[in-house]
Protein chains: 2
Amino acid sequence: MTPAALRVLEAAGRLFYERGIHAVGVDLIAAEAGVTKKTLYDRFGSKEQVVADYLADRDERWRAFLGRHLAAAPPAAAARVLAVFDAARAWSDEHGPRGCGMVNAHAEISDPAHPAHPIITGQKRWMLALFTDLAAEIAPDGAGRLGPALMLLHEGALVAHGLAVFPDPIRHAREQARALVTAAGDAAARR
Amino acid sequence: MTPAALRVLEAAGRLFYERGIHAVGVDLIAAEAGVTKKTLYDRFGSKEQVVADYLADRDERWRAFLGRHLAAAPPAAAARVLAVFDAARAWSDEHGPRGCGMVNAHAEISDPAHPAHPIITGQKRWMLALFTDLAAEIAPDGAGRLGPALMLLHEGALVAHGLAVFPDPIRHAREQARALVTAAGDAAARR
DNA sequence: CCGTCAATATACCGATCTGTATAGTGAGCG
DNA sequence: CGCTCACTATACAGATCGGTATATTGACGG
């Protein structure tokens, strides 16, 4: 990845997230990156590919960001669930309040053949697997319900945060998640 | 609202929801509606206004649809909460699996001055008020937590449904909502 | 019967869109 | 030295974008 390509990815990431994918043209991306369109097309080949690389980069950053938060959290599964919500809040503090970039991109990309599609669904599947794995540590026979429930709270928190319909939805979701995992943990301990 | 304007609104609603707002041009809307662009601009004045009217129409239809489901539900608040999730599933069965049209539109409209903005946030505020009112009937002193919790589950269910990351997220959300309202009702009864 | 009005058909405007073509510059490297 | 390669500058192509102009038709109501 050449320096110019990195600047394109940085500019595209900022502009796509803040204004939406279809609302941002390649001329603007190139100008903001301080790069000619020729260079952009030499490196990426098409706008579609810039979009896909933007989402893949964002996915990679989020997984690393979350990984650092999980590494700093206590080893107990319940605490790690809460660490996911803490990471989500810290991420949105850093990266802006427009909700989940994957969900926003999915709203603009209807074609399932678009190269961005597997990246979006891949991240969501990965997050569901993470929640389900943590749920299995807390209540092995209830993971099929607890995992999706945590996923729903997480997705709901991100979209509610983006819509700004009520204050601090991620904190609300974290509290609900805490109640769910403690209840599931207590029920598993009684068995 | 003239017959041609109604056809424009029908075509715009279908195309905007299926393909996204920026991906659909006014020429296509006019062609699909069997209407000339002149007529479209005589009736709506701008594409922005077509977008706003599309969302206002969708909002109105959803509230009426939900109202019919609530009218058919038992009067108990807990049952009415579940009826909201049942309505969401029936709605998505009828109107397509691409998630919430308001959330998708919000992902494409970054400008807060866009005429569609108050319609989107208005529907979400209305839904939160509905959930909070129902929560207050179930547990008067816990409505400030139960209402947003139900909202998070509902929003999460819609986005998860759109992303199709796991099967039947609305049913999952309904089950979680049932657990929440029964727990809150039991706690309120013990006091 | 005449004016209003919703609608048609068609052509056009300037701007912007993604993408390409041509020519040239400068640094690193064998 | 000479080749490669990342990059710049500029211009352009063809399509589509939102929006407008002109002229016409047909129905309906006072």
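1. How many residues surround DNA strand D, and which are the closest? In this predicted model, where local features need pLDDT of at least 70, side-chain atom pairs count only at pLDDT 80 or more and totals for chains, interfaces and linings use all residues, 18 residues surround the strand, a residue being near if one of its heavy atoms lies within 4 Å of it. The closest are Thr2(A), Ala4(A), Val26(B), Lys37(B) and Lys47(B). Residues are numbered from 1 along each chain as its sequence is written, chains are lettered from A in the order in which they are written, and side-chain values use heavy atoms, with hydrogens and water left out.

2. Of the atoms of DNA strand D within 4 Å of the protein, 60% belong to sugar or phosphate, while the rest belong to bases. Phosphate oxygens of the strand lie 3.0 Å from a polar side-chain atom of Arg43(A) and 2.9 Å from one of Tyr41(B), whereas for Thr36(A) a polar backbone atom is 3.4 Å from a phosphate oxygen.

3. Turning to the two protein chains, the contact (heavy atoms within 4.5 Å) takes 39 residues from chain B and 39 residues from chain A. The area buried between them is about 3,200 Å², with carbon and sulfur atoms giving 70%; buried area is the accessible area (1.4 Å probe) that two parts lose on being put together, summed over both.

4. Across this interface of chain B and chain A, the rule finds zero salt bridges, a salt bridge being a side-chain nitrogen of Lys or Arg within 4 Å of a carboxyl oxygen of Asp or Glu.

Notes
Polar contact = N/O pair within 3.5 Å; in protein donor to acceptor, adjacent residues only side chain to side chain.
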